[in-house]
Amino acid sequence: MNWLRGAMVGALAYVSMLSVGGAADVPMDSLYQLHATLATQKGASVGFDMYQGQPTVISMFYGSCPSYCPMLITAVQVYESHLDEASRARLRVLLVSFDAAHDTPTRLAELSRLHRADPERWTFASAKEPDARRIASLLGFHYRKLADGSFDHTQVITLVDSEGRVVTSTTKLIGDSAFEAKLRATTASDPQ
Amino acid sequence: MLARVALIGAATLCAGAATPEGNPFLPVAGAEFGSALPSGKQDKVAVRGFLLQRHPVTNAEFLAFVRTHPQWQRGSAPSIFADGDYLGHWSGPLDPGPGAAPMQPVTRVSWFAAEAYCEAQQARLPNWYEWELAAAASTKKRDARSEATWRQQILDWYAHPTGDSLAAVEQGAANFYGLYDIHGLVWEWVHDFDSLLPADADPERFCGSGAQNLQQKENYAVLMRIALLGSLRAADTGHAVGFRCARDAEEGKP
């Protein structure tokens, strides 16, 4: 259902060309106010709000990054490993590549397999410009393409509630106990 | 969707000074040039030819936009996209009033609002390299950055307090490309505003280590722009921060 909704929003955003601003059924301070289109490892086109309704960890990466990208994926896996099974089942993970030219659905699917990410709860996706930059701006994530084709970028892992409001974020790949506590609290029981 | 397009058309016809013809997109030829930003191993960056609006977007032009895009009116824009000061100097959501004259550049607009405005014109914000290329021109030369007198002229603006009221657009001289007010009126959002500094640089300590990697150190005016943009967040609005839109050049043209 969420997937279907995401796909519809994505299609609308694409057609209307008015993808910044104004989702009526979403809180004003929700990241899901942004209508952005993602291409996933399943080859689907979905909305940035594909996981609306579930607490979600969101971050950005690019697949050809030699060290950071595997570290990021492992870091999120370690953070969620501290949750009990029921809480973990409620959590979703959305990792968005800002290098859509290289991170095709095929490559994203490889990444997902390589890291044994649960495809029911984890989505590897890519966003094109200008959507990638808009998502990054919401997350406070910075990236810049260098002349050699690599990227200079920051690191941040963001936790949002089921409505897409930012609960907290961390720049630490491991051992941020405040982030772990918020993650536990946000996934502790079903939203609503 | 069709209805929305028709609405935009109607509003544009009625808006007078806000018509697209009043702020046309002018060509800036592509070039390889030395940017103030570190670009990895190469000295120069390649910028493709593009089109840039002749002057910063005005209050009249932005009013026409919020009329047809009510979700961007003050009080309606999502807080995630624009802070509490968004269009704060306007008298009302659809009334710029005496504090915001029609031909003054619109300010107190967030990056998201600027993105949405340009998107509605089938355009986009320029990226930094594009803006920097256009800003390197004096009235006579494409790249005047090595001229001390030209650099001083720009610095004089930075040293000059703006006061409460901004001038109207196009009061000064056009630059080499026919563009007005690139320097001297407002700061302008660019699409990649938040990623100009190296990832490990702290914008608040820009004058220390953060500036070490930057090129063209004598070009203070441009460095100040980078520092300012680097200190903003995408939902921030500033009383001297505006924008203008860009488009890709048509195929086969410079």
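In these legends, a helix is a DSSP run of H or I with at least four residues, a strand is a run of E with at least two, and both are numbered from the N terminus. Keep in mind that the model is predicted.

**Figure 1. Gln122(B), in the loop between helix 3 and helix 4 of chain B.** Here's a residue with a slightly odd backbone: Gln122(B) has a positive phi of about 50 degrees, even though it is not a glycine. Is Gln122(B) buried or exposed? Count the neighbours: 10 other C-beta atoms lie within 10 Å of Gln122(B). A residue is called exposed at 12 or fewer, so Gln122(B) is exposed.

**Figure 2. Helix 4 of chain B, residues 128-135.** After that loop comes a helix that is mostly covered, with 7 of its 8 residues buried. Which residues of helix 4 of chain B are the buried ones? They are Trp128(B), Tyr129(B), Glu130(B), Trp131(B), Glu132(B), Leu133(B) and Ala134(B). Notice that Glu130(B) and Glu132(B) are on that list too. For chain B as a whole, buried residues make up 40% of the 254 residues.

**Figure 3. An open sheet of 3 strands in chain B, in the order 1-4-7.** The strands of this sheet pair in an antiparallel way. Strand 1 and strand 7 of chain B sit at the edges, each pairing on one side only. From one strand to the next, the twist averages 30 degrees. Strand 1 (residues 25-28) is joined to strand 4 by 4 bridges, while 3 bridges join strand 4 to strand 7 (residues 246-248). If you want to zoom out for a moment, chain B has 6 helices and 7 strands, and they follow the pattern α-β-β-β-β-α-α-α-α-β-α-β-β along the sequence.

**Figure 4. Strand 4 of chain B, residues 50-53, and what stands opposite.** Let's go residue by residue. Gln53(B) has Phe25(B) opposite it. Across in strand 7 of chain B, Arg247(B) stands opposite Leu51(B), and Asp248(B) stands opposite Phe50(B). Which way do the residues of strand 4 of chain B point? Phe50(B) and Leu52(B) point one way, Leu51(B) and Gln53(B) point the other way, and all are buried. This is a handy pattern to remember, because side chains in a regular strand alternate between the two faces of the sheet.

**Figure 5. Helix 5 (residues 148-159) and helix 6 (residues 220-231) of chain B.** Two packed helices are described by the angle and the distance between their axes. In this pair the axes come within 9 Å and cross at roughly 40 degrees, which makes helix 5 of chain B oblique to helix 6 of chain B. From helix 5, Arg151(B), Ile154(B), Leu155(B) and Tyr158(B) meet Tyr220(B), Ala221(B) and Met224(B) from helix 6. Sorted by class, this contact has 6 nonpolar residues, no polar ones and 1 charged one.

**Figure 6. The largest nonpolar core, with 106 residues.** Nonpolar side chains tend to be buried together in soluble globular proteins. Which residues touch the most other members of this core? They are Ile135(A), Ala113(B) and Ala114(B). The biggest contributor is helix 3 (residues 111-120) of chain B, which gives 7 residues. Now look around Ile135(A): setting aside its neighbours within four places in sequence, Ile135(A) is in contact with Leu34(A), Ala36(A), Phe48(A), Met60(A), Val96(A) and Ala127(A).

**Figure 7. Three loop residues of chain A: Pro130(A), Arg116(A) and Gly149(A).** Start with Pro130(A), in the loop between strand 5 (122-126) and helix 5 (131-139) of chain A. The peptide bond that joins Glu129(A) and Pro130(A) is cis, with omega about 0 degrees. Next comes Arg116(A), found between helix 4 (105-114) and strand 5 of chain A. Arg116(A) is not a glycine, yet its phi is positive, about 50 degrees. With 10 other C-beta atoms within 10 Å, Arg116(A) is exposed. Gly149(A), in the loop between strand 6 (143-145) and strand 7 (151-153) of chain A, is exposed as well, with 11 other C-beta atoms within 10 Å. How many residues apart in sequence are Gly149(A) and Leu108(A)? The answer is 41, and in space the two are 19 Å apart, C-alpha to C-alpha.

Technical notes:
Residues are numbered from 1 along each chain as its sequence is written. Chains are lettered from A and ligands numbered from 1 in the order in which they are written. This is a predicted model: local features need pLDDT of at least 70, side-chain atom pairs count only at pLDDT 80 or more; totals for chains, interfaces and linings use all residues. A nonpolar core is a set of buried Ala, Val, Leu, Ile, Met, Phe, Trp, Tyr and Cys residues joined through C-beta atoms within 7 Å. A residue is buried if 20 or more other C-beta atoms lie within 10 Å of its own, exposed if 12 or fewer, and partly exposed in between; C-beta atoms are placed from the backbone. Two residues are in contact if their C-beta atoms, placed from the backbone, lie within 7 Å. Two strands pair if DSSP finds at least two bridges between them. Axes are lines fitted to C-alpha atoms, for helices over the stretch in contact, and angles run from 0 to 180 degrees between N-to-C directions. Angles under 35 degrees count as roughly parallel, over 145 as roughly antiparallel, 65 to 115 as roughly perpendicular and the rest as oblique. Ala, Val, Leu, Ile, Met, Phe, Trp, Tyr, Cys and Pro count as nonpolar, Asp, Glu, Lys and Arg as charged, and the others, Gly among them, as polar.
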